[in-house]
Protein chains: 2
Amino acid sequence: MTTRGRGLHGHVLESLGPAITAGEYPPGSVLRTDELAQRFEVSRSVMREAVRVLESMYLVESRRRVGVTVRPKAEWNVFDPQVIRWRLAGADRPHQLRSLTVLRSAVEPIAAGLSARHATAAQCAELTECALGMVANSRGHKLEEYLVHDVAFHRVILNASGNEMFARLGDVVAEVLAGRTHHEVMFEDPDPAAVTLHVQVAEAVRAGDASRAEELTRKITVGALQELDILAP
Amino acid sequence: MTTRGRGLHGHVLESLGPAITAGEYPPGSVLRTDELAQRFEVSRSVMREAVRVLESMYLVESRRRVGVTVRPKAEWNVFDPQVIRWRLAGADRPHQLRSLTVLRSAVEPIAAGLSARHATAAQCAELTECALGMVANSRGHKLEEYLVHDVAFHRVILNASGNEMFARLGDVVAEVLAGRTHHEVMFEDPDPAAVTLHVQVAEAVRAGDASRAEELTRKITVGALQELDILAP
DNA sequence: GTGACATATAAGTCTGACTTTTTGTTCCAG
DNA sequence: CTGGAACAAAAAGTCAGACTTATATGTCAC
């Protein structure tokens, strides 16, 4: 899925990026391009390309006569999908997960409300299909199948909102949901109340009831937040 | 402010990036690194660095034997500050402005609610100071002074929320607000009701009244949305 | 201490040669 | 005519080395 290892510079990034976001090189640390090139056994050109990418993520800053300095965490482009993935994969995972869940709690209800106004017939159909899929797999430890439909459901909502920025959060939400199933504790079947809420959201969107879709989705995301509080109070 | 012309590759980016986001090279277009290098009169190394950055923004995809192809708009990383700036500066401006305003309407109320819980005394003080600054400059065509305090106000809210992702939206919000004052029509003094709402939000945050802060901020962002509908129905 | 100057350093740039992957074509067998 | 294998060309990818430029820091005179 994270098939980003395109070329040598991509390989370097996959090693250096997580190291930086994990705080292995604390903010203010100075790296030298030549030294990094040696360490990773690539040419300077390749290492320079990698540094440029890190720079575009605001993770580092390259200055003459100084070197490549790690920027303070507050300046990182925390919306970059790559950065999010790196942080989710590292020690920062709980913190990143909380940030994303809060973001979801802000965005998804509004997105659902917009979907109720803008969703096409096809999108409504897909949404109900996803909800039914969730119901069908909500019992009997079919967590993987449930996850697939859950992810699809939220993707449709975000896409149907008609807002391109919301739509781009689909991948992130997918990763959060996947993380909940795979990394966090989720031995039991999903909460029946949450499943019902998804079905109701699908109904509300289909009926064009924006405020109801918004409120119901708010309940879903509030549930996700509470779930997080239980796990890491 | 957009002082990103760091190095030759930065200069190339400032020319090529806006061209792509403006649709000058429609999705599917194929560029060749060598040709681009010639056109911009830089070496291939420099052009390759620029392409790598565009690639990390998901604007283009570089493939062997094919070239550098422009990706479909839906895949662009529309959260990248640079991409946002490029689009705001181009023909896509109205569309981008709307997307951002909708995003604001989702995020800022939640951020205000969180601020009511998490804001420090210093942040509360700064917030009321900003609100007072807005009041003081709300009459007599002191639009620039008003803007400064308005931007500062929303930045404090986003920062005080304690959510790093919200905080990173400060720059974007600043750009939207600045755009409203500079590019869009705003001959008259700001809406007195909006000014009052800001003062009330500051009070609510200070009082720790999360739901009130959230609701009041929602009114502010709804106003921003309506304002946009009036300008571009 | 302060300012001007020298120096060392690391990034930045350019060039040219070479490698690798992938596409599209050609050509032969069936 | 079709299908697949072999081949050739094209463009990105990689590397090495030489050179340029900015700039932090140290030095010295004042």
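Which parts of DNA strand D, sugar or phosphate on the one hand and bases on the other, supply the atoms within 4 Å of the protein, and in what percentage? In this predicted model, 74% of those atoms belong to sugar or phosphate, and the rest belong to bases. The legends below begin with the protein chain and then turn to each DNA strand.

**Figure 1. Chain A is divided into two domains.** The domain assignment places residues 7-75 in domain 1 and residues 92-231 in domain 2. The centres of these two domains of chain A, taken over C-alpha atoms, are separated by 36 Å. Along its principal axes, the C-alpha trace of chain A spans about 60 × 35 × 30 Å. Chain A contains 11 helices and three strands. Read along the sequence, these elements of chain A follow the pattern α-β-α-α-β-β-α-α-α-α-α-α-α-α.

**Figure 2. Residues 6-73 of chain A carry a domain annotation in UniProt.** The record, an unreviewed entry, lists this span as "domain: HTH gntR-type". Helix makes up 53% of residues 6-73 of chain A, and strand makes up 15%. The C-alpha atoms at the two ends of the span lie 26 Å apart.

**Figure 3. Chain A and chain B are superposed by a rotation of 180 degrees.** The shift along the rotation axis is 0.0 Å, and the RMSD of the superposition is 0.0 Å. The two copies are therefore related as by a two-fold rotation axis. Of the interface residues of chain A, 100% are also interface residues in chain B, so the copies meet through the same surface.

**Figure 4. DNA strand C is surrounded by 22 residues.** The closest of these are A:T33, A:R48, A:R65, B:L8 and B:R63. Of the atoms of DNA strand C that come within 4 Å of the protein, 73% are accounted for by sugar and phosphate. By class, the surface near DNA strand C comprises 11 charged, six polar and five nonpolar residues.

**Figure 5. Side chains of both protein chains approach polar atoms of DNA strand C.** In the side chain of A:R64, a polar atom lies 3.4 Å from a sugar or linking oxygen of DNA strand C. Bases of the strand are also approached: an N or O atom in the side chain of B:R44 is 3.0 Å from a base nitrogen, and a polar side-chain atom of B:R65 lies 3.0 Å from a base oxygen. In chain A, the elements that give two or more residues to the surface near DNA strand C are α2 (33-40), α3 (44-56) and β2 (60-63); in chain B, they are α1 (7-21) and α3 (44-56). The largest share, three residues, comes from α3(B).

**Figure 6. DNA strand D is surrounded by 22 residues.** The closest are A:L8, A:R44, B:T33, B:R48 and B:R65. The surface near DNA strand D has 11 charged residues, together with six polar and five nonpolar ones.

**Figure 7. Polar atoms of A:R63, B:T33 and B:S62 lie beside the backbone of DNA strand D.** A phosphate oxygen of the strand is 3.0 Å from an N or O atom in the side chain of A:R63. At B:T33, a polar backbone atom of the residue is 2.7 Å from a phosphate oxygen. The side chain of B:S62 places an N or O atom 3.2 Å from a sugar or linking oxygen. Two or more residues of the surface near DNA strand D are given by each of α1 (7-21) and α3 of chain A, and by each of α2 (33-40), α3 and β2 (60-63) of chain B. Here α3(A) provides the largest share, three residues.

Conventions: Residues are numbered from 1 along each chain as its sequence is written. Chains are lettered from A and ligands numbered from 1 in the order in which they are written. This is a predicted model: local features need pLDDT of at least 70, side-chain atom pairs count only at pLDDT 80 or more; totals for chains, interfaces and linings use all residues. Side-chain values use heavy atoms; hydrogens and water are left out. Domain bounds come from an automatic or database domain assignment. A residue is near a molecule or strand if one of its heavy atoms lies within 4 Å of it. A polar contact is a pair of N or O atoms within 3.5 Å; within protein, one must be able to donate a hydrogen and the other to accept it, and residues adjacent in sequence count only if both atoms are side-chain atoms. Helices (H or I, at least four residues) and strands (E, at least two) are DSSP runs, numbered from the N terminus. Ala, Val, Leu, Ile, Met, Phe, Trp, Tyr, Cys and Pro count as nonpolar, Asp, Glu, Lys and Arg as charged, and the others, Gly among them, as polar. Copies are superposed by least squares on the C-alpha atoms of residues with pLDDT of at least 70 in both. Contact means heavy atoms within 4.5 Å. UniProt positions are given in the numbering used here, feature names are shortened, and annotations may be inferred rather than shown by experiment.
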